[in-house]
Amino acid sequence: MSNQQKHWEKTRGLLFITLAIWFVFSIGIFLFGAEMNEVTGPFGYPWTYWFTCQGSLGAFVILIFWFANRQEKIDEEFGFSEREDE
Amino acid sequence: MKGNFIDNLPKVYGIYTGGFIGFIIIMAIAEQMGMTAKAIGIAFVAFTVFIYALIGWLSRTAQADAYYVAGRQVPTVFNGMATAADWMSGASFVAMAGGIYFKGYGYMALLVGWTGGYVLVASLLAPYLRKFGCYTVPDFIGTRYGGNLARFSAVVVLTVASFTYVTAQINATGTIASVALDIPFQYAVYVGLISILLCSMLGGMRGVTWTQVAQYIVLIIAYLLPVFWISNKMGAGFFPHFMLADEVARIGELEQQFGFVKNAAADLKSVPKGLAGITKAHSAVNATPWAFISLALAMMMGTASLPHVMMRYFTTPSVKAARKSVGWSLFFIFLLYSSAPMLATLSKLSLIDPNLPTGIIGKTFAEVEAIDWYQNWNQANLMFISDFNGNGTLELNEFFMGGKAVVLATPEIAGLPYVISGLVAAGGMAAAMSTADGLILAIANAISHDVYYKIIDPKAETAKRLLVARVLLVVIGFAGATIAAMEIQGILGSVIWAFDFAMSGLFFPLVLGVWWKRANRQGAIAGMLGGLAAGAWYLVWVRTGGSGFLGITQLTFGIFGSAVSLVLMVVVSLMTAEPDKATQKMVDDVRVPSGKSILGRSH
């Protein structure tokens with residue numbers, strides 16, 4: 001397998017992990033919205049309510065930065081990161 | 001000057017922010033010295049619009065890559081701010097808190113949908129489209145799939161989605177200009193339009209980038225300052241985001257106590273159009289999982305298909321910067337979105353809690369009608385009360401308000417000085433203007449670059465191309481304003497439709513263009529046109545009394561459209577020949593960040 005194929009395989013792996021986490025925070029937890037809202041969560045808000053206001057939103061911000069860093073590592077590993085002068 | 005300017009950005013915008021805060025303080029002092037509310041409103045809107053116009057003029061350019069992609073040198077964090085302003089429209093600023101206020105949990109799907117989409121943007125599309133080096137989104141479609149028909153189909157989808165969106169934004173600038181400047185809406189729409197064009201006409205993407213950063217600073221101050229101030233004034237907590245649990249619980253208690261009384265249809269007829277009552281629980285889960293998830297999903301996939309957002313990531317210096325920039329965009333959006341439910345909570349509690357001095361539920365009609373702010377907003381057709389049961393006191397089900405009033409009127413209701421209302425008006429104007437600029441530019445650039453230059457006259461010189469682009473900008477702006485002046489649909493509704501149109505036609509052709517090498521021209525064309533047609537058909541069908549299926553409503557018709565698009569694209573691609581070697585090599589090149597971009601620096 002060529003260098004480029006290996007790079008793409010790892011990139012695709014990272015995509016699946018990223019999308020899985022995204023799925024949990026954007027869809028997964030809202031499947032159980034009614035049940036989870038009965039429980040008191042962070043700062044005293046009901047859990048589901050807190051996720052819609054802050055929790056999921058904050059998770060997305062962190063997820064994107066995490067993803068960007070991981071992808072940069074993968075690019076460096078296979079020598080595909082950009083040179084500064086490009 | 002150019003390199004210098006980029007290095008000096010933090011300083012330039014630091015001074016600008018300081019200057020703006022200074023201006024707010026001067027206005028506050030002027031108010032104490034007797035400046036009228038009307039004069040303050042005019043000063044806020046006129047001053048900020050003047051600054052944007054000045055930035056637009058300073059950013060004028062005669063180069064194609066500066067006009068189309070701001071010279072690809074916008075630093076990560078600043079591009080994040082510009083994207084946040086580009087993204088947060090009149091709908092986010094003025095209408096979203098109102099939607100949450102009236103519909104509760106069901107509409108909070110918008111918060112999740114309008115943020116979660118950025119994960120898709122960052123992981124599926126933005127870095128790859130940046131590597132491609134295109135000027136516009138149809139530029140990518142046209143080059144990846146090849147052929148004028150594919151390019152043209154992308155322009156059609158882009159135009160339908162963005163135009164639906166832009167009329168709503170021009171409508172919002174018109175609403176704010178008409179309130180702040182006290183002129184009729186029909187004229188105010190054109191005042192708004194001219195302000196929008198001042199930012200974008202001379203400098204194209206470069207002008208829009210630097211005005212959007214300035215507009216973000218204004219809108220975020222204008223949104224956060226009142227939320228914090230009201231929270232402190234009510235004694236709800238000095239940092240509302242972490243401290244409103246008691247208030248949320250209290251609203252739930254009051255809802256129990258008052259109950260949600262259903263009004264008779266005959267009574268509701270007397271309520272002015274566009275106003276709504278509080279009929280849904282504030283923090284309880286009041287929607288089925290599918291209703292919530294389908295709306296969130298439609299907004300997320302729509303986010304990843306809207307060209308005016310995607311093209312912001314064409315302006316970063318590198319692929320790496322494009323990825324990080326998506327993160328910064330969402331961070332800056334998060335600051336406002338996480339505050340919207342807090343504003344809705346504070347606003348609702350201050351009106352319905354009889355224990356608070358601002359509460360009106362339980363008061364007599366004579367008392368409420370004597371309140372200054374009630375008279376003002378009633379006159380503006382944004383508030384209405386009516387004694388349906390004839391007992392003389394105001395009940396929860398007898399109070400009606402326009403969605404816009406939650407953001408625009410709450411500072412006044414909470415007893416904040418008028419300077420804050422002026423600031424909020426300037427913030428709303430900034431939000432609507434920045435989005436309208438991005439959208440008009442996306443449409444005009446697609447038509448001038450993809451239709452005029454790539455299809456009609458490939459030999460056109462730069463000067464002529466940019467002239468065509470600017471003429472189109474004005475024509476599209478005026479067309480949008482003319483339709484906005486007719487006031488066909490509300491702000492929030494048409495924005496949601498725009499997302500559905502975009503995802504119906506563009507989501508899968510864009511994503512599969514990078515992630516599925518086998519996708520070919522025939523498949524992409526079928527996907528774009530078939531998806532758009534299916535989505536549009538479903539919308540018309542449901543609007544004309546159709547029952548719909550699978551719980552897909554007129555707000556989520558993109559789910560149906562994009563499903564049709566996916567099936568068509570896969571089936572047609574597999575039935576026709578696979579893309580040629582050159583195209584497959586191109587996809588391979590797009591997938592690695594290093595090396596030359598696919599399209600030349602100037603093309």
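**Figure 1. B:Met383 and its bridge partner in the predicted model.** Here we zoom in on B:Met383, whose bridge partner in β3(B) is B:Met401. Keep in mind that this is a predicted model. The strands β2(B) and β3(B) run antiparallel and are joined by three bridges. B:Met401 turns up again on the β1(B) side, as the bridge partner of B:Ala276.

**Figure 2. The three-stranded sheet of chain B.** Pull back a little and the sheet comes into view: it is open, has three strands in the order β1-β3-β2 (chain B), and pairs antiparallel. Which strands stand at the edges? They are β1 (275-276) and β2 (383-385) of chain B; each has a single partner strand, so one side of each has no neighbour in the sheet. The pairing of β1(B) with β3 (residues 399-402) of chain B is antiparallel and runs over two bridges.

**Figure 3. Chain B as the setting for the sheet.** Chain B has 27 helices along with its three strands. How does its radius of gyration compare with the globule rule? The value is 24 Å, close to the 25 Å that the rule gives for 603 residues, so chain B is as compact as a globular protein of that length. Laid out along its principal axes, the C-alpha trace of chain B spans about 80 × 55 × 40 Å. Of the 603 residues in chain B, 57% are buried. As for how the chain folds back on itself, take the contacts in chain B between residues at least 6 apart in sequence: 83% of them join residues at least 24 apart.

**Figure 4. Where chain A meets chain B.** This view takes in 40 residues of chain A that are in contact with 41 residues of chain B. On the chain A side, the elements that give two or more residues are α1 (3-26), α2 (33-36) and α3 (47-77). Which of them gives the most? That would be α3(A), with 18 residues. Sorted by class, the chain A side that touches chain B has 22 nonpolar, 14 polar and four charged residues.

**Figure 5. Helix against helix: α3(A) and α7(B).** Two packed helices are described by the angle between their axes and the distance between the axes. For α3(A) and α7 (residues 105-132) of chain B, the angle is about 0° and the axes are 9 Å apart. With angles under 35 degrees counting as roughly parallel, α3(A) and α7(B) are therefore roughly parallel to each other. Residues making the contact include A:Phe60, A:Leu63, A:Ile64 and A:Phe67 of α3(A), and B:Leu111, B:Val112, B:Tyr118 and B:Val119 of α7(B). B:Gly116 of α7(B) is also among them. Taken by class, the residues of this contact come to 14 nonpolar, five polar and no charged.

**Figure 6. A look at A:Ala20.** The last close-up goes to helix α1 of chain A, where A:Ala20 sits. Is A:Ala20 buried or exposed? It counts as exposed, because it has 10 C-beta neighbours inside 10 Å, and the cut-off for exposed is 12 or fewer. A:Glu77 lies 57 residues away from A:Ala20 along the chain, and their C-alpha atoms are separated by 24 Å.

Key:
Residues are numbered from 1 along each chain as its sequence is written. Chains are lettered from A and ligands numbered from 1 in the order in which they are written. This is a predicted model: local features need pLDDT of at least 70, side-chain atom pairs count only at pLDDT 80 or more; totals for chains, interfaces and linings use all residues. Two residues are in contact if their C-beta atoms, placed from the backbone, lie within 7 Å. Helices (H or I, at least four residues) and strands (E, at least two) are DSSP runs, numbered from the N terminus. Ala, Val, Leu, Ile, Met, Phe, Trp, Tyr, Cys and Pro count as nonpolar, Asp, Glu, Lys and Arg as charged, and the others, Gly among them, as polar. A residue is buried if 20 or more other C-beta atoms lie within 10 Å of its own, exposed if 12 or fewer, and partly exposed in between; C-beta atoms are placed from the backbone. The radius of gyration is taken over C-alpha atoms; the globule rule is 2.2 Å times the number of residues to the power 0.38. Two strands pair if DSSP finds at least two bridges between them. Axes are lines fitted to C-alpha atoms, for helices over the stretch in contact, and angles run from 0 to 180 degrees between N-to-C directions. Angles under 35 degrees count as roughly parallel, over 145 as roughly antiparallel, 65 to 115 as roughly perpendicular and the rest as oblique.
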